[in-house]
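Q: Please take a close look at a single part of this structure, choosing one loop residue and describing its surroundings. I should like the account to move outward from there.

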Amino acid sequence: MNLFKTKYTWVAISFVLTLGYSLSCTKDDQVLDTLQTNASTDLISVKVFTPPSIDGTIETVWEQATPLKIAPSVPDPGNNLFTGYIGESFPTSLRSMYDDKYIYFLAEYADNTKSVNVAPWYFDPATKTWAQEGTSKAYDVNGALTRTDFGEDKIAMLWNIDFSTPKFTTQTCYASCHVFTPYMDYSVTPAVLKSNASSGNHYTNGINEKIDMWWAHLSRDIVFNQMDDNYQDWAGGLAVTSLVGGNANGRHVDDIVVSGASTTWPNRPSYTTAATQGASNNRQSLKLDGTGAAVNVPLWVIIGATNYAYILDADTKNGKAVKITGVSSIGVLTYTGGTIDPNTDKDFQRIGDAVTGGVGPKAIPSYIASPLIGGRADITCAAIHTGTGWIVEYKRLLKTADVLKQDIDFSSLKDQQFGFAVWDKSNYQHAIQPNLLLKFQK
């Protein structure tokens, strides 16, 4: 009997312990490992042990990540800045994964035109001059379209560095984007209020507030499998200068900092100079026939090349591209070894309809492309246009080597608010999806 009682006691204790352990494990699984999410705003980054290759193709490992479906649309800031684009929307799918070292993103969005030929040079036979297409749609005084746009396809993500920008909590990317108009222009006396409807200044409202900006130029950076890493700061914004709308652009490339000096307007900081990298203008000023009026013409051209969107910096050094050394009064370009006569070679001229048509196959690119370096090169990126949209795949270290507070730090695996933007063949007009949240599935 005593033996039975003893065995019964141990059996009961074992059962209770087993039940308790089971319940505790179940509770742990439910409470600690299951995220409470909002399907319309939350992007869940799942941990993986076999990361994807950053090549623009969607590998099976991405099936582990739940897509966040959004539809960024072009807003109306109320200052005519986005005229001609307002209401455009781009259905987008975002996915994310991470491992012990990197965070990975996959963006897929609808866009049936691949726009990578940015502001190309063309020859106008009527005026005998070289000119560049605009990067935004052009309209006449009556609002009628006079020329289509030759901007580029891009995407961007904005992050609140160290939760330093309070307005980001409620506005995310709207905390700094296009909140600058109108502004008081102190560069003239007396100062005048301007609408600033032709540019896209960004800035925060305090000297310690910074926003990380990832900017994928799908025309040039992906040539080197890179995404441009920038940041935004106060730049003499409203809270610092007491100006209406601020007085400077707070968007900067990584690695440059405030130099401490003040420039034209009150309290506006100046910045150190960035190393030569990324895109530079393929433009120079030459005198007609060597002695006449100065005009802008291309700097480099690849003879015989067609349908090319950029000239590599390496091409200007290895002889593939030739330097333009002269221009005549009728537009003939001279280079060492020959000339280009766009009057007879119409492939340098516009084609099709004057309003919505394109440019000839020999249109000359507007920029020289070179790799990003230093802090700007933190993000590896690849992109493929499928014919109906873009697949953009990219990764960055959870924590970069940044010591200037210009990069978001993901290493704590804390929730991070972000905004997402899409450009379609445009310069600054873009679709926006604010108030998104990145969460890590631990």
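A: **The surroundings of Asp111**

In this predicted model, Asp111 touches Asp153, His385, Thr388, Gly389, Trp390 and Asp424, leaving aside residues up to four places away in sequence. Asp111 itself belongs to the loop that runs between β4 (102–110) and β5. Although Asp111 is buried, it has no salt bridge. The nearest side chain of opposite charge is that of Lys425, 9.3 Å away. A polar atom of the Asp111 side chain does, however, lie 3.2 Å from the backbone nitrogen of Thr113.

After this loop, the chain continues into strand β5 (residues 121–124), which pairs with strand β6 (residues 129–132) in the antiparallel sense over four bridges. Within this pairing, Trp121 stands opposite Gln132 in β6. The two strands form a hairpin with four residues between them, and Lys128 in the turn has a positive phi of about 60°.

Two of the residues touched by Asp111, Gly389 and Trp390, direct attention to strand β29 (residues 389–397), where Ile391 is found. Ile391 counts as buried because its relative accessibility is 13%, below the cut-off of 20%. Its contacts, not counting residues up to four places away in sequence, include Ile58, Leu106, Ala107 and Ile384. The C-alpha atoms of Ile391 and Thr57 are separated by 7.5 Å, although these residues are 334 places apart along the chain.

In soluble globular proteins, nonpolar side chains tend to be buried together. Here, the largest nonpolar core has 41 residues, of which Ile155, Trp214, Tyr394 and Phe420 touch the most other members. A second, separate core of 22 residues includes Phe123, Leu299, Tyr308 and Ile324.

Notes:
Residues are numbered from 1 along each chain as its sequence is written. This is a predicted model: local features need pLDDT of at least 70, side-chain atom pairs count only at pLDDT 80 or more; totals for chains, interfaces and linings use all residues. Side-chain values use heavy atoms; hydrogens and water are left out. A nonpolar core is a set of buried Ala, Val, Leu, Ile, Met, Phe, Trp, Tyr and Cys residues joined through side-chain atoms within 4.5 Å. Buried means under 20% relative accessible area, exposed over 50%, partly exposed in between (1.4 Å probe, protein chains only). Two strands pair if DSSP finds at least two bridges between them. Contact means heavy atoms within 4.5 Å. Lys and Arg count as positive and Asp and Glu as negative; His and the chain ends are not counted. A salt bridge is a side-chain nitrogen of Lys or Arg within 4 Å of a carboxyl oxygen of Asp or Glu. A polar contact is a pair of N or O atoms within 3.5 Å; within protein, one must be able to donate a hydrogen and the other to accept it, and residues adjacent in sequence count only if both atoms are side-chain atoms.
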